[in-house]
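Here's a quick tour of a protein model, with two stops: an interface and a cavity. Have the viewer open and follow along.

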Amino acid sequence: MSTPTTTASHSAAPAWKEWLLTTDHKRIGVLYLVGSMAAFGVAGLMALIIRFEQMELGMQFISSGTEYNGYLYFHGAAMILAFLIPGLTGFAANYFLPLMIGARDVAFPRINAFSVWLFYFAIVLALLSFIVPDGPDIMWTGYPPYSVTSASNTSMYVFTVHLLGFSSILGAVNFLVTVIYMRAPGMGWNQLNIFVWTTVAAFVIQLIFIPVLAAAVTLLLFDKYLGTHFYDPSAGGDVLLYQNLFWFYSHPAVYVIFLPAVGILFDIMATMAKNRVFNYKAAVYAGIWGIVGIAGIVWVHHLYIAGMPDWIRLGHMVTTLLISVPVGILTLSLWGTLYKGAITYNTAMMYAASCLYLILLGGLTGIPLAIPSMTLHLSETSYVHAHFHFIMALFSAFALFAGIYYWFPKMTGRFADGPMATISFWLNFVGVNVTFWPLFIIGKEGMPRRYWDYEMFKDVEVLGRSFQEFHFIATIGAGVIAIGMLLQFINFIASAFNGKPAPTNPWNSKSLEWTHTASPPGPGNFGDTDVIVDENWSPYEYTKG
Amino acid sequence: MMKFLSAMTGLVGTTLVSSQAFAKELPVPNESWERLWDTVMLDITVIGVIMAIAAVWMLFKFRATSPDQVGTAKKLTTVQSIAFALIPASIFMADDFYLAANGWTVWNDYRRVPDNAMEVKVIGYQWYFEYEYPGGVLVEADMETPVMIPVGQPVVFRMTSEDVIHSFGIPKYRVKEDIMPGRKTYIWVNPVEAQTDGVVQCAEFCGEAHSQMSNPIHAVPQAEYNAWLAKMAAEG
């Protein structure tokens, strides 16, 4: 199927109008990138405040517990809902998925434009929580009864989730239709880039599970503002209903972030190693779809300490541990893709290589948390905090940054590599380790999450040192990351305008976005001729020259 | 696998033996927890080190020597593809069941309250815990005021909340569980040694003073505990 090449106009309209009214998937991708990076910046600033507040005992930068809780709320909600999900499924999928399958745009370009603006409205609504006097302080999880009885503005949380959910559902429908109907003639399912597969899987998860989250937070809204009692036990409701509904979506949401991140890594590593993807079909059908299949039956591991019946907890221990099977197969394919390759290194590959370490550390430290008896102690400690930062935040964010460096020449016609990129990579990589390793250590001894003070643990020592010394090291690490990220952003912006010009296919990739389009691709992506592939074509076929 | 089976049969078996025999070998859940932690850490360290060495070796070994070089790996045959999926899947699954069996055993230690456990009721409020000791002695604790439990006496905490969700955690005894309005939950501890650096903390976000919803918990000899309880009863 081909669409006319008029998705982005060449009219003499001013630039701001062209961006505002665009239905071009590449521009929408860039809009997602800009929005998600803005959210990352603000949420990162919140993280710094949180970290510096914890550096020493007692209150230092904040004036009340509620203020601190407001920062925590914004940091969590924005990082997950406005940075990671839109960054990976919004930016990366929008810009590159149509190019990878040889499509001229997505199936419904105007709905696509509607999705990105819903996302922007959600960000504005979330940012308003800093202006209104009763900004939400209910954490990104919004558990009742606190979210119902709190004096803060729960409706802002609910409507932000609604807007983002609506945006994601529209995006999911759009991209599933695009991949099913708009692949280049001749392109079979086993010829798709792994990134395309992971994005399809992520959107299937979004489509199935988001309505449940939307229902959960809507009932919250009713409870707080309309006087219903869905979650109020004193009137026959149930406090745990919300947590079950919430995690029924929010655990699969981890894979909405994880899968596209893994997909980006596969594409970078296969290209940089000039190698086939090891055991492609196992990675796709057992790995990616195995994760989707299991995603909906493990959520109770978030409720191990919530007083669920013992048999459910033990059942979900087994299903949760079994996640290691599809993830293991996917990991093996990732590793195998390097085997007998011919690896060239650049910033993208350095980020990708560091992701191999992050996926191991983040993934394996999750195994104790699959076991209820372990979790009875570890839950809600900084051990959990460090674990999910390594796998969700750091692994996925590093994969996204790898993708940005990898595709930078495609988007801008220029390289982003250089001394600034290398320095910021090392600052970020060292920084995340210095920040989160200490949290594993004190977490095991009981340091709780979401505490601005830990006065009660002043006599507890780990390895002969107080919690405060570990928090001090972690705070130094956060400062190092902040410098690294700042340099990185300066580098991105400077490179976009003044970077070294890049050829059309600088990495000699076989993937369609490199072989068949200009950098950056023009309106309609592929010029005048439609892309057609034969049955022997593969985005990872290097040996046949 | 053997451990898994024995854990499953053990679950059925222990309901049959008398409570007397059970009490003789009273588990110490926090010690079981530490052993399980060591087992799991060994397990994930072995996997992690093997995978990390493989990654680092390949990242160095397979560097391109010229820009035109391409990878030389051959495509897998169908049999190899299936084998490379099924064999690792079996290994991972075996490891999962091994860990599940270990976890299950410790879980039983945590959830089976001994018959001779002393019962303390806990009610969570924003932002403190209220305790009801045997004999109806009410104790309100704060960050400076410890509660006491007697050494050698298993204690079960039966818990609920009067407002929002809290969590009753004692890191010293490697245990916590949420406290919710409209529901009752429990944990039990077996304080085999005296200690004065134990901390009770709220571990489920509950608002403004969540970070200060905490009090010390000391395990003291029976005589000292009795004196403390008598003092609390007199004050109450």
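Chain A and chain B bury about 7,100 Å² between them, and 68% of that is on carbon and sulfur atoms. Keep in mind that this is a predicted model. Here's the rundown.

**The A/B interface**

- On the contact count, 86 residues of chain A meet 79 residues of chain B.
- The salt-bridge rule picks out 6 pairs across the interface of chain A and chain B.
- Want one to look at? B:Glu177 pairs up with A:Arg313 in a salt bridge, with the closest N and O atoms 3.1 Å apart.
- Polar contacts across the interface of chain A and chain B come to 27 residue pairs, both partners being at pLDDT 80 or more.
- Several helices of chain A give two or more residues to the side that touches chain B, among them H3 (65–100), H8 (239–272), H10 (310–322) and H12 (347–364).
- Sorted by class, that side of chain A has 49 nonpolar, 22 polar and 15 charged residues.

**The second largest cavity**

- There are 4 cavities of 30 Å³ or more in the structure, and the second largest holds about 240 Å³ of space.
- Its lining runs to 23 residues, with A:Ile85, A:Leu164, A:Ser167, A:Ser168 and A:Gln206 lying nearest the centre.
- Helices H3, H4 (109–127), H6 (154–181) and H7 (194–226) of chain A each chip in at least two lining residues.
- H6(A) gives the largest share of this lining, at 8 residues.
- What classes of residue make up the lining of the second largest cavity? It's 13 nonpolar and 10 polar, with no charged residues.

Notes:
Residues numbered from 1 in each chain as written. Chains lettered and ligands numbered in written order. Predicted model: local features only at pLDDT ≥ 70, side-chain atom pairs only at ≥ 80, totals over all residues. Heavy atoms only, no water. Contact = heavy atoms within 4.5 Å. Buried area = accessible area lost by both parts, 1.4 Å probe. Salt bridge = Lys/Arg side-chain N within 4 Å of Asp/Glu carboxyl O. Polar contact = N/O pair within 3.5 Å; in protein donor to acceptor, adjacent residues only side chain to side chain. Helix = DSSP H or I, 4+ residues; strand = E, 2+ residues; numbered from the N terminus. Nonpolar A, V, L, I, M, F, W, Y, C, P; charged D, E, K, R; others polar. 1 Å grid on protein atoms, 1.4 Å probe; cavity = no way out; pocket = protein on both sides within 12 Å on 5 of 7 lines; lining within 4 Å. Points joined across faces, edges and corners; volume = space filled by probe spheres on them.
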